[in-house]
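Good morning, and thank you for making time for this. Please have a look at the sequence and the structure before I begin to talk.

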Amino acid sequence: MPRPRTYRVEAVVLRRIDFGEADRVLVLYTRERGKLPVVAKGVRRMSSRMAGHLELFTQSELMLAKGANLDVVTQAETRNAFRPVREDLTRTSTAYLIAELADALTEEAMEQPELFDLLTATLRALGTTDDPRLVAAHYQLRLLDVAGFRPVLMQCVSCHADLEPGRNAFSAYLGGALCPRCGPGEPSARPIDTDVLKVLRNLQRAGLPGSAHFRVPEMVMREVERILRDLIERHTERRLRSPDLLARLRSDPAFGPAQVSDSVGSPTPEDSVDAKDPAAPPSPVESKL
Ligand SMILES: [Zn+2]
C-alpha cells in the first residue's frame with residue numbers, strides 16, 4: 001500500500017520561520033503526529049487565503065500533502081483563534097511563552113495527544129482567567145510531566161523520605177525537593193519556602209486554575225516561576241532550531257538551495273518568539289520567563 005498523498009491534522013502553530021519570497025516553515029503541534037514542521041507556500045502574500053488560519057498559536061484543521069522532505073499545507077481552516085488571548089498584551093505574551101516551551105520540550109515524531117489537549121485547554125483558559133501567570137505556571141508543571149520530567153515534590157528526591165513543612169531545599173539539577181538532611185550537602189540545592197512548595201504541589205495536582213482559584217502572593221509566585229524556569233532550562237538545550245530546519249529545506253528538491261537563502265528566518269515583529277539572535281535584547285516573553 002502506498003502512503004496516502006494527503007492527510008488531515010488538527011494543529012496548533014508553535015513557531016513560524018519566513019523563507020523565500022513569500023513562504024513560511026511552520027512548526028506545528030498536531031494531535032495526530034506530535035510536533036511536525038511543514039511548509040506553507042505563499043502565505044506571506046496579501047492575497048493568501050490560508051494566512052489567517054496559520055497565525056501563531058491558532059488551532060486549525062489542515063490538509064497536508066507529502067513532500068520529499070517537509071510536508072506542504074494545502075488547506076487550512078481555523079478551529080479556534082483564541083481571540084480573547086490576542087486582545088490583551090499580557091495574555092498574548094503568555095501564549096508566546098506557552099508555544100515556545102511546547103516547541104522546546106518536545107521532539108518530532110513523538111505523538112502525544114495529551115500534550116495537544118494541554119496546549120488547547122491552556123490557551124482557552126488563558127482567555128478567561130484573571131491570573132495568566134497561574135495558568136502559565138500550571139501549564140509548565142504539566143508540560144514537564146508530559147515530557148517525562150515531572151519534578152518530585154512530595155518526597156525528598158535524594159533519600160525518598162516524606163517531606164515535612166520546614167527547612168527543605170530544592171534542586172532543579174536533581175529535579176525535586178530535598179529534606180533538611182540531604183539539602184545542605186547538595187551544591188545545586190537552594191532553600192525552598194514551605195508556601196512555594198505548597199503552590200507547586202497544588203498546581204501539579206490540580207486541573208487548570210479556574211476563576212475560583214487560590215491567590216498567590218507576589219513573592220511566592222516569583223519564586224514558583226524561578227523554580228519552573230530552572231527546571232525547564234535544565235531540560236532544554238537551548239539549541240538553535242531554525243538552521244536545522246533550513247538545512248532540511250535546502251536538501252528538498254521541491255525547494256532547492258536557490259530558494260532557501262540565509263536571509264530566511266528574519267523574524268517579523270509578531271514573531272518575536274522566533275528571535276534567537278543573542279545580540280538582540282530579550283523579548284518580553286523571554287524576560288517574563
Ligand atoms: Zn533526603
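I will go from the overall picture to the packing of some helices, and then to a few single residues.

What we have here is a predicted model, in which local features need a pLDDT of at least 70 and side-chain atom pairs count only at pLDDT 80 or more, while totals for chains, interfaces and linings use all residues. Residues are numbered from 1 along each chain, as its sequence is written.

Let me start with the whole protein. It has nine helices and eight strands, where helices (H or I, at least four residues) and strands (E, at least two) are DSSP runs, numbered from the N terminus. Of the 289 residues in the protein, 38% are buried; a residue is called buried if 20 or more other C-beta atoms lie within 10 Å of its own, exposed if 12 or fewer, and partly exposed in between, with the C-beta atoms placed from the backbone. Two residues are in contact if their C-beta atoms, again placed from the backbone, lie within 7 Å. Among the contacts with a separation of 6 or more, 57% are accounted for by residues 24 or more positions apart.

Now to the helices, beginning with H2, which covers residues 89-104. The expected span of a helix is 1.5 Å times one less than its number of residues, so the 16 residues of H2 should span 22 Å, and its end C-alpha atoms are indeed 22 Å apart. Is H2 mostly enclosed or open? Twelve of its 16 residues are buried, so H2 is largely enclosed by the rest of the structure; the buried ones include Arg91, Tyr96 and Glu100.

Before the pairs, a general remark: two packed helices are described by the angle between their axes and the distance between the axes. The axes here are lines fitted to C-alpha atoms, for helices over the stretch in contact, and the angles run from 0 to 180 degrees between N-to-C directions. Angles under 35 degrees count as roughly parallel, over 145 as roughly antiparallel, 65 to 115 as roughly perpendicular, and the rest as oblique.

H2 packs with H3 at an angle of about 170°, their axes being 10 Å apart, and that makes the two roughly antiparallel. In this contact, Arg91, Thr94, Ala95, Ile98 and Ala102 of H2 meet residues of H3 that include Leu115, Thr122 and Leu126. By class, the contact has seven nonpolar, three polar and one charged residues, where Ala, Val, Leu, Ile, Met, Phe, Trp, Tyr, Cys and Pro count as nonpolar, Asp, Glu, Lys and Arg as charged, and the others, Gly among them, as polar.

H3 (residues 113-128) also packs with H4 (residues 132-146), at an angle of about 175° and with the axes 10 Å apart, so this pair is roughly antiparallel as well. Leu115, Thr122 and Leu126 are among the H3 residues that make this contact, and Tyr139 and Leu143 are among those of H4. The residues here divide into nine nonpolar, one polar and two charged.

How are H4 and H6 arranged, parallel or antiparallel? They pack at an angle of about 30°, with their axes 10 Å apart, and are therefore roughly parallel. Their crossing is left-handed, meaning that the near helix is turned anticlockwise from the far one by less than a right angle, whereas clockwise would be right-handed. Arg133 and Leu141 are among the H4 residues that meet H6, whose side includes Met221 and Leu231.

Met221 lies in H6 (residues 218-235) and counts as partly exposed, because it has 17 C-beta neighbours inside 10 Å. Leaving aside residues up to four places away in sequence, Met221 touches Arg133 and Val216.

Leu231 leads us to Ala172, since these two are 59 residues apart in sequence but 4.9 Å apart in space, C-alpha to C-alpha. Ala172 sits in the loop between strand E6 (168-171) and strand E7 (176-178), and is buried, with 20 other C-beta atoms within 10 Å.

Finally, two backbone angles. Phe57, in the loop between strands E3 (34-40) and E4 (59-65), has a phi near 45°, a positive value in a residue other than glycine. His160, in the loop between H4 and E6, has a positive phi of about 70°, although it is not a glycine either. Phe57 is buried, with 27 other C-beta atoms within 10 Å, whereas His160, with 11 such neighbours, counts as exposed.
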